[in-house]
Amino acid sequence: MMIVTSMDELRIGRAMLDEPVGLVPTMGFLHEGHLSLVRKAKEECLSVVVSIFVNPTQFSPSEDLDVYPRDLERDLRLLDPLGVNMVWTPTPDVMYPPGFQTWVEVEKLTQPLEGARRPGHFRGVTTVVSKLFAGLQPQRAYFGQKDAQQAAVIRRMTNDMNFPIDIVVCPIVREEDGLAMSSRNKNLDPQQRQAATVLYRALTEARQAYDAGQRGAGELRRIMEDVIAGEPLAKVQYISCADYDSLDELETVQGKALLSMAVYVGKTRLIDNFVLQ
Ligand code: AMP
């Protein structure tokens, strides 16, 4: 497994890879969710590259960049047995050298949901992913449905910018009690960890109502709000029932829809979603 940091090392390593090359972009502190993307990439590509970079430009000053968990040694130990060919661990200086001033921005899709609560977040994401794409030039790139809006934004950007890359979106991997795996779960104490199952319970109740025929988006949002309100350690940031493609809030669910939410448990901000179709 090659480990590269600088753009020069990346170029030399890239030239040694058999194609198709699959890229799995991550911020590290890997868990089964990330590893599921790696396994999928391994099935479909002759070479797999995992990037590990806690991208400062997608965090606002008030966010958790400083406490974002990091453990490169552990990440490398998890990746090696999966047959990953190369790990790219750029430093902030490699990605944002002095004088950096070029940004990639997706306009409309980044406005609601995460974009509305995390100003500048998607500008950071699309810029760094463009740089990963341009630097590595993979044939395929793997993302998780866990970050549903991110996946939609990356698809849009890839299309709009003519990147010749297939975007593959993989299902959410969950703990046994339903909590979506996330590097941020590490910041939950045992009581908060227990309370964090409330996101999955809220989504499940809304889906049960949908399965029983409920099509009122307001009613589905209310069901989720009520479940979260029953958990004293949880505080809703947003709850949404939106059109799957446009991410516009719905009145009535007709086609494919996205139930999604951001909830604080203590200081930790958790997101989760279900697709209705
Ligand atoms: P992150 O390191 O949080 O930036 O995540 C890197 C990639 O892994 C993103 O495409 C995420 O959507 C994906 N991912 C994170 N958690 C999960 C999960 N529980 N299941 C599936 N994919 C995930």
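The following dialogue discusses how to read several features of a predicted model.

Biologist: How does one judge the overall dimensions of the chain, and what radius of gyration does it have?

Modeller: One compares the radius of gyration with that of a compact globule of equal length. For 277 residues such a globule would have a radius near 19 Å, and the chain has 19 Å, so the two agree. The C-alpha trace spans about 55 × 40 × 40 Å along its principal axes. As for secondary structure, the chain comprises 10 helices and 9 strands.

Biologist: What share of the residues is buried, and what does the exposed surface consist of?

Modeller: Of the 277 residues, 52% count as buried. The chain exposes about 13200 Å², of which carbon and sulfur atoms supply 48%. One may also ask how far apart contacting residues are in sequence. Among contacts with a separation of 6 or more, 73% are between residues 24 or more positions apart.

Biologist: How are the charges placed, and how far apart are their mean positions?

Modeller: The chain has 30 positive and 37 negative charges, and the mean positions of these two groups are 1 Å apart.

Biologist: Let us turn to single residues. Is Ser51 buried or exposed, and which residues does it touch?

Modeller: Burial is read from relative accessibility, with the limit set at under 20%. Ser51 has 1% relative accessibility and therefore counts as buried. This serine belongs to strand β3, residues 47-52. Leaving aside residues up to four places away in sequence, Ser51 touches Leu23, Val24, Pro25, Thr26, Trp88 and Leu132.

Biologist: Where does Ala234 lie, and how far is its C-alpha atom from that of Asp160?

Modeller: Ala234 lies in strand β7. Its relative accessibility is 14%, so Ala234 counts as buried. Beyond residues up to four places away in sequence, Ala234 touches Val198, Ile228, Val263, Tyr264 and Val265. Asp160, by contrast, is 74 residues from Ala234 along the chain, and their C-alpha atoms are separated by 38 Å.

Biologist: How should one read a strand pairing, and how many bridges join β8 to β9?

Modeller: One reads the direction of the strands and the bridges between them. Strands β8 (residues 257-265) and β9 run antiparallel and are joined by 9 bridges. Within this pairing, Ala262 stands opposite Ile271 of β9. The two strands form a hairpin with 2 residues between them, where Gly266 takes a positive phi near 65°. Strand β9, residues 268-276, is mostly covered, with 8 of its 9 residues buried.

Biologist: Why does a positive phi or a cis peptide bond merit attention?

Modeller: Such features stand out because most residues other than glycine have a negative phi, and most peptide bonds are trans. In this model, a cis peptide bond joins Glu19 and Pro20, with omega at about 0°. Pro20 is placed in the loop between α1 (7-15) and β2 (21-26).

Biologist: Where are Leu113 and Leu247 found, and what phi does each take?

Modeller: Leu113, which is not a glycine, has a positive phi of about 50°. This residue is placed in helix α5, residues 113-117. Its relative accessible area is 5%, so Leu113 is buried. Leu247 likewise has a positive phi, near 65°. Leu247 is found in the loop between β7 (234-243) and β8. With 2% relative accessibility, Leu247 counts as buried.

Technical notes:
Residues numbered from 1 in each chain as written. Predicted model: local features only at pLDDT ≥ 70, side-chain atom pairs only at ≥ 80, totals over all residues. Heavy atoms only, no water. Helix = DSSP H or I, 4+ residues; strand = E, 2+ residues; numbered from the N terminus. Buried < 20%, exposed > 50% of the residue type's maximum accessible area, 1.4 Å probe, protein only. Contact = heavy atoms within 4.5 Å. Rg over C-alpha atoms; globule rule 2.2 N^0.38 Å. Areas by Shrake-Rupley, 256 points an atom, 1.4 Å probe, with all protein chains shown as cover. Lys, Arg positive; Asp, Glu negative; His and termini not counted. Charge placed at Lys NZ, Arg CZ, Asp CG, Glu CD. Pairing = 2+ DSSP bridges.
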